[in-house]
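Notebook open, model loaded. I want to look up a handful of residues one at a time and jot down what turns up.

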Amino acid sequence: ASVTGSTSGMGTGGSVIVNADNVTVATDGSAGAGLVATTSGTGTGGNVEINALNVDVEGDGSIAVTTSGDGNGGTATINATDFDITGGASVTGSTSGMGTGGSVIVNADNVTVATDGSAGAGLVAATSGVGNGGTVEINAIDVDVEGDGSISGNTTGAGQGGNVNIVGGALTVSGLGAVSVATLGAGNGGVATINATNVSVGDNGKISGESGQIGRSSGATGT
C-alpha cells in the first residue's frame, strides 16, 4: 500500500501529512510502497510530514522523498515523542537525477535506529546521480543506534553525498550500528556533524567517513 504525492512536470509535487497519536509504517518493501513524495520532472518534490506521539517504521516499511529528474527532492519531517525504526525499514531522501536529493528531519525526544543491516535500511540521504545528496537531520534528547542500525549520507554517483547532522543530549552507537558518510562513486562524500552532550561508541559501532572509489570522503566532525 502507498500514500503518495508526486510530480512529473513543472509544478511542485503534492505533500503527505499525517497527524495522529500513533503511526506505524510496515509496508512490504515493494517499489513505491509506503509514505512517498517524488518528482521525476523539473518541479520540486512534495513533502512527507508526520506529527505523532509515537512513530514506528518497521518490517520493510518506507518513508521516502525522492527525485529522478531536474527538480529537487522534498523533505520528510517526523515530529514525535518516540521514533523507532527497525528491521529492513527505511526513511530516505535520495536523488538519481540532477536535482538535489530529498532531506530527512527527525524531531523527537527519543530516537532508536535498530535496523537489520539490509541494503538501504535506516535513515539515509543518498545520491546515485549528478545531483547532490540531501541531509539527514536529527534533533533529539537521546539517539540510540544499535544492532545493525544505520544513519548515513552516501553517494554512488557524481553528486556529493548526503550530510548527517545530529543534535542531542546523548548519542549511543553500539552493536554494529553506524553513523557514516561515504562515497563509492566519483562524487565527494558528505559531512557527519554531531553536537551532543555525551557520545558513546561501543562494541563494533562506528562513526565514520569513508571513500571506496574516486571521490573524496569529507569525514565526520563532533563537538
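Is Asp203 buried or exposed? I looked up its relative accessibility, which is 69%, so Asp203 goes down as exposed. The cut-off I need here is over 50% for exposed. Note to self: this is a predicted model, and I'm reading computed values throughout.

**Entry: Asp203 and Ser174**

I placed Asp203 in the loop that links β16 (192-201) to β17 (206-211). Its backbone caught my eye: phi is positive, about 50 degrees, and Asp203 is not a glycine.

Next I asked what Asp203 has to do with Ser174. Ser174 sits in another stretch of chain, the loop between β14 (163-173) and β15 (178-183). With residues up to four places away in sequence set aside, Ser174 touches Asp203 and Gly202, and also Val145, Glu146 and Gly147. I also checked a C-alpha distance here: Ser174 to Asn204 is 6.5 Å, with their positions 30 residues apart in sequence.

**Entry: Thr7**

Which strand holds Thr7? I found it in β1, residues 2-7. Its relative accessible area is 12%, so I logged Thr7 as buried; the cut-off for that is under 20%.

I then listed the contacts of Thr7, skipping neighbours within four places in sequence. They are Thr12, Gly13, Thr38, Thr39, Ser40, Gly41, Gly43 and Thr44.

I also took the C-alpha separation of Thr7 and Thr67, which comes to 9.6 Å for two residues 60 apart along the chain.

**Entry: Thr95**

Thr67 came up again when I turned to Thr95, as the two are in contact. Thr95 belongs to strand β9, residues 90-95. Why did I write down Thr95 as buried? Because its relative accessible area is 2%.

Beyond Thr67, and again leaving out neighbours within four places, the contacts of Thr95 are Thr100, Gly101, Ala126, Thr127, Ser128, Gly129, Gly131 and Asn132.

**Entry: a charged patch**

Last stop was the surface. Which residues form the negative patch I was after? I wrote down Asp28, Asp60, Asp116 and Asp148.

I followed up on one of them, Asp28. It is in the loop between β3 (22-25) and β4 (34-39). Its relative accessibility is 56%, so Asp28 counts as exposed.

**Recap**

My list now has Asp28 and Asp203 as exposed, and Thr7 and Thr95 as buried.

Conventions
Residues numbered from 1 in each chain as written. Predicted model: local features only at pLDDT ≥ 70, side-chain atom pairs only at ≥ 80, totals over all residues. Heavy atoms only, no water. Patch = residues over 30% accessible without salt bridge, like charges linked within 9 Å, V, L, I, M, F, W, Y side chains within 5 Å. Areas by Shrake-Rupley, 256 points an atom, 1.4 Å probe, with all protein chains shown as cover. Salt bridge = Lys/Arg side-chain N within 4 Å of Asp/Glu carboxyl O. Lys, Arg positive; Asp, Glu negative; His and termini not counted. Charge placed at Lys NZ, Arg CZ, Asp CG, Glu CD. Helix = DSSP H or I, 4+ residues; strand = E, 2+ residues; numbered from the N terminus. Buried < 20%, exposed > 50% of the residue type's maximum accessible area, 1.4 Å probe, protein only. Contact = heavy atoms within 4.5 Å.
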